[in-house]
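These are my notebook entries on a single model, written down in the order in which I looked things up.

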Amino acid sequence: MITKEQYLEAVNKIAESVYSFHDRFEIPQLNIYGDSDEVILKALSSRLVLQMEELGEFSQAVSKGRWFDAVHEAADVLYVALGTVLSLGESGNAACKFVSEKNYNKTSLNSKIGVSGKVVNSVRS
């Protein structure tokens, strides 16, 4: 089992790689306050195509029982997802903080593991 420090080191390394990749290839960051909805949706659609390609490769590896390949494909899925968040600029950063906090606040007292394996809110408002 890996430690928290090892996990954070690996995630930080891939995030640094994504940032460097976007910098090298001059992949722009969106400005939700200055770019039109059309520009933002076009960019997100392009990112979705990339994400679906990586998810397809991950799915294929799992379906074919190639767990070693699936592990690498899972990291590719993360790489593209982090690239999408980076391309969203400040709003991507804010979304990361929001989702992190939301999930950090889930406990066994207010959440449960649903049938799909996803942890969901179990307390009704």
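**Entry 1: Ser-87.** I began with Ser-87, which lies in helix H3, and I kept in mind throughout that the model is predicted. Is Ser-87 buried or exposed? Its relative accessibility comes to 5%, and since buried means under 20%, Ser-87 counts as buried. I then looked up what its side chain touches, and found that the side chain of Ser-87 reaches the backbone oxygen of Thr-84 at a distance of 2.7 Å.

**Entry 2: the overall layout.** I next stepped back to the whole protein, whose secondary structure comes to four helices and two strands. Read from the N terminus on, the order of these elements is α-α-α-α-β-β. The C-alpha trace spans about 40 × 40 × 30 Å along its principal axes, and of the 125 residues in the protein, buried ones make up 18%.

**Entry 3: the largest pocket.** I turned to empty space, and noted for myself that rolling a probe the size of a water molecule over the atoms shows where such space is left. The largest pocket has a volume of about 430 Å³. Its lining consists of 13 residues, of which Ala-15, Leu-82, Val-85, Asn-93 and Cys-96 are the closest to the centre. Helix H1 (4-24), helix H3 (67-87) and helix H4 (89-104) are the elements that give two or more residues to this lining. Which of them gives the most to the lining of the largest pocket? The answer is H4, with six residues. I also sorted the lining of the largest pocket by class, and obtained nine nonpolar residues, four polar ones and no charged ones.

**Entry 4: the second largest pocket.** For the second largest pocket I found about 290 Å³ of space, and I listed its lining as Ile-2, Lys-4, Tyr-7, Leu-8, Ala-10, Val-11, Ile-14, Ala-75 and Leu-78. The elements that give two or more residues to the lining of this pocket are H1 and H3, and here H1 gives the most, with six residues. By class, the lining of the second largest pocket has eight nonpolar residues, no polar ones and one charged one.

**Entry 5: the loop between H1 and H2.** I then followed the chain into the loop between H1 and helix H2 (37-63), where Pro-28 is found. With a relative accessibility of 60%, Pro-28 counts as exposed. I looked up how far its C-alpha atom is from that of Leu-86, and the separation is 9.1 Å, although the two residues are 58 residues apart along the chain. Glu-26 also has its place in the loop between H1 and H2, and I marked its backbone for a second look, since phi is positive at about 50 degrees although Glu-26 is not a glycine. The relative accessible area of Glu-26 is 69%, so I entered this residue as exposed.

**Entry 6: aromatic pairs.** How many aromatic pairs does a search of the whole structure find? The search finds three. One of them joins Phe-21 and Phe-25, with 4.8 Å centre to centre and 40 degrees between the planes, and this pair is tilted. Phe-21 is partly exposed, at a relative accessible area of 31%, whereas Phe-25, at 53%, is exposed. Another pair is that of Trp-67 and Phe-68, whose ring centres lie 5.9 Å apart and whose planes meet at 80 degrees, so the pair is edge-to-face. I found Trp-67 to be exposed, with a relative accessible area of 63%. I also recorded that Phe-21, Phe-25 and Tyr-79 form one aromatic cluster.

**Entry 7: the salt bridge.** My last search was for charged partners, since side chains of opposite charge can pair when their charged atoms come close. Over the whole structure the search finds one salt bridge. Asp-69 forms this salt bridge with Arg-66, and the closest N and O atoms of the two are 2.7 Å apart. Are the two partners buried or exposed, or something in between? Asp-69 counts as partly exposed at 31% relative accessibility, and Arg-66 is partly exposed as well, with a relative accessible area of 35%.

Notes: Residues numbered from 1 in each chain as written. Predicted model: local features only at pLDDT ≥ 70, side-chain atom pairs only at ≥ 80, totals over all residues. Heavy atoms only, no water. Salt bridge = Lys/Arg side-chain N within 4 Å of Asp/Glu carboxyl O. Buried < 20%, exposed > 50% of the residue type's maximum accessible area, 1.4 Å probe, protein only. 1 Å grid on protein atoms, 1.4 Å probe; cavity = no way out; pocket = protein on both sides within 12 Å on 5 of 7 lines; lining within 4 Å. Points joined across faces, edges and corners; volume = space filled by probe spheres on them. Nonpolar A, V, L, I, M, F, W, Y, C, P; charged D, E, K, R; others polar. Phe/Tyr/Trp six-rings, centres within 6.5 Å; stacked < 30°, edge-to-face > 60°. Polar contact = N/O pair within 3.5 Å; in protein donor to acceptor, adjacent residues only side chain to side chain.
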